[in-house]
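Biologist: I'd like a close look at one part of this model: the aromatic rings and what lies around them. Walk me through that, and then show me how the rest fits in.

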Amino acid sequence: MALGFPPPQQQDFPAQELYAPSPMFTWAELQSMAADGVLTPLYEKSFIPPGLDVTPRLRARAAALVVPDRIRRKVIAGRMTAAWIYGCADAPERLSLLVDTKHRISSLRSARGCILHEVRLGQLDVVSIGGLLVTSPLRTAVDVALHVEASRAVPALRMLLSQDELGVRLRLLTLAVEASARVPHKKAALRKLAALALTADAPAQIADAPQAEVFPPEAAA
C-alpha cells in the first residue's frame, strides 16, 4: 500500500513542512512517498509536501540537516550555497561552509557533503535563517563575485540583484568588492559585475547608475 500523509485527526503524526529520515518515517519510506508523488524532494534526504512554497527558511533547514551537529554552530553557509538558500541558484552538490578565522579549519574534521573555507567575517556578514547561520545577501554576492567562475556567478548575481527584498544593489556590491583588500580575482569579479550591466535584462538600477562611478577604469583590465 502506498504511504501518504497521516490524516489531520491523528495527533501522533501531524502534517509538517519538512520531512527527513526520523522515527516517524524511514529513508526508504520517504523515497517511496516521493515516488508516489506524495512528497517532493528538496535537498539531499529532505522532502516537502507538493505545492508548498519553498522559502529561504525551508532551504536553510534542509541544509542544516546535512551539517553535523558538532560543527553546526561554528560554520556559516556561504557562496553558492547561500545563493541557493536565497533562491538565486541551483541546489549545490556540496554545501559551501565558511569558518571564521577564530575557528581554525584544522580543528573541524571534514564533513561529508560539505566544503570548508576559512575566511574573515564581519559582524554584519552573518544572519540566522531556519536555524542555520548564512552569509548576508551582500556578503553572499561579494563572495560569489570573487570566488565563483563567471558561468555560474553571473546568473546568481543577476538573481541576487533582482530581488528587492534582499537589498543588494550594484553600486554597493561594486564598492564592497573594491574594498576587499589583497584578495585574488578582484579584477575578474569587477568584470563579472560589468557583464551584468551590459545584459538587456539587468535590474533597472544598473541602467540608471552612472557608468563612470560604478565601473572604475581598472575593472576593464
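Modeller: Keep in mind that this model is predicted. The structure holds three aromatic pairs. One of them is Tyr-19 with Phe-25, whose ring centres are 6.0 Å apart, with 50° between the planes. That counts as tilted because the angle is neither under 30 nor over 60 degrees. As for cover, Tyr-19 has a relative accessible area of just 2% and Phe-25 comes in at 9%, so both fall under the 20% cut-off for buried.

Another tilted pair is Tyr-43 with Trp-84, at 4.8 Å centre to centre and 40° between the planes. This pair links distant parts of the chain, with Tyr-43 in strand β1 (residues 40-43) and Trp-84 in helix α3, 41 residues apart. Tyr-43 and Trp-84 are both buried.

Who else touches that second pair? Leaving aside neighbours within four places in sequence, Ala-91 is in contact with both Tyr-43 and Trp-84. You'll find Ala-91 in the loop between α3 (79-85) and β4 (95-100). Unlike the two rings, which are buried, Ala-91 is partly exposed, at 41% relative accessibility. Its C-alpha is also 9.1 Å from that of Arg-59, although the two are 32 residues apart in sequence.

One more ring deserves a glance: the charged end of Lys-45 sits over Trp-27, 5.2 Å from the centre of the ring.

Now for the cores. In soluble globular proteins, nonpolar side chains tend to be buried together. Here the largest nonpolar core has 51 residues, and Leu-157 and Val-177 are the ones with the most contacts inside it. Helix α5 (residues 150-162) supplies the largest share of that core, six residues. Tyr-19, from the pair with Phe-25, sits elsewhere: a second, separate core of seven residues includes Tyr-19 along with Leu-30, Val-38 and Phe-47.

Back in the bigger core, look at Val-177. Not counting residues up to four places away in sequence, Val-177 touches Val-142, Ala-145, Leu-146, Lys-186, Ala-189, Leu-190 and Leu-193. Among these, Val-142, Ala-145 and Leu-146 are buried residues of α4. Helix α4 (residues 137-147) is mostly covered, with nine of its 11 residues buried. The buried residues of α4 also include Arg-139 and Asp-143, next to plainer company such as Ala-141 and Val-144.

What about charged pairs? There are six salt bridges in the structure. Glu-17 takes part in one with Arg-57, where the closest N and O atoms are 2.9 Å apart. This ties together distant parts of the chain: Glu-17 is in the segment before α1 (27-35), while Arg-57 is in helix α2 (residues 56-64), 40 residues apart. Glu-17 also bridges to Arg-61, at 3.3 Å from N to O. Arg-61 lies in helix α2 too, so this pair joins parts that are 44 residues apart in sequence. Glu-17 is partly exposed at 31% relative accessibility, as are Arg-57 at 37% and Arg-61 at 28%.

Another salt bridge brings Glu-149 and Arg-152 together at 2.6 Å, N to O. Glu-149 is partly exposed with a relative accessible area of 41%, and Arg-152 is partly exposed at 42%. Going back to the first group, shared partners join Glu-17, Arg-57 and Arg-61 into one network.

Helix α2 has a covered side to its story as well, since it holds Ala-60, which is buried with a relative accessible area of 0%. Residues up to four places away in sequence aside, Ala-60 touches Ile-85, Ile-129, Gly-130 and Leu-132. Its C-alpha is 9.1 Å from that of Ser-128, with their positions 68 residues apart in sequence.

Zooming out, the protein chain has nine helices and seven strands, and 43% of its 221 residues are buried. Of the contacts between residues at least 6 apart in sequence, 55% join residues at least 24 apart. The Tyr-43 and Trp-84 pair, with its 41-residue separation, is one link between distant parts of the chain. On the outside, the accessible surface comes to about 12,000 Å², with 54% of that belonging to carbon and sulfur atoms.

Key. Residues numbered from 1 in each chain as written. Predicted model: local features only at pLDDT ≥ 70, side-chain atom pairs only at ≥ 80, totals over all residues. Heavy atoms only, no water. Helix = DSSP H or I, 4+ residues; strand = E, 2+ residues; numbered from the N terminus. Buried < 20%, exposed > 50% of the residue type's maximum accessible area, 1.4 Å probe, protein only. Contact = heavy atoms within 4.5 Å. Areas by Shrake-Rupley, 256 points an atom, 1.4 Å probe, with all protein chains shown as cover. Salt bridge = Lys/Arg side-chain N within 4 Å of Asp/Glu carboxyl O. Core = buried A, V, L, I, M, F, W, Y, C linked by side-chain atoms within 4.5 Å. Phe/Tyr/Trp six-rings, centres within 6.5 Å; stacked < 30°, edge-to-face > 60°. Lys NZ or Arg CZ within 6 Å of the ring centre and 35° of its normal.
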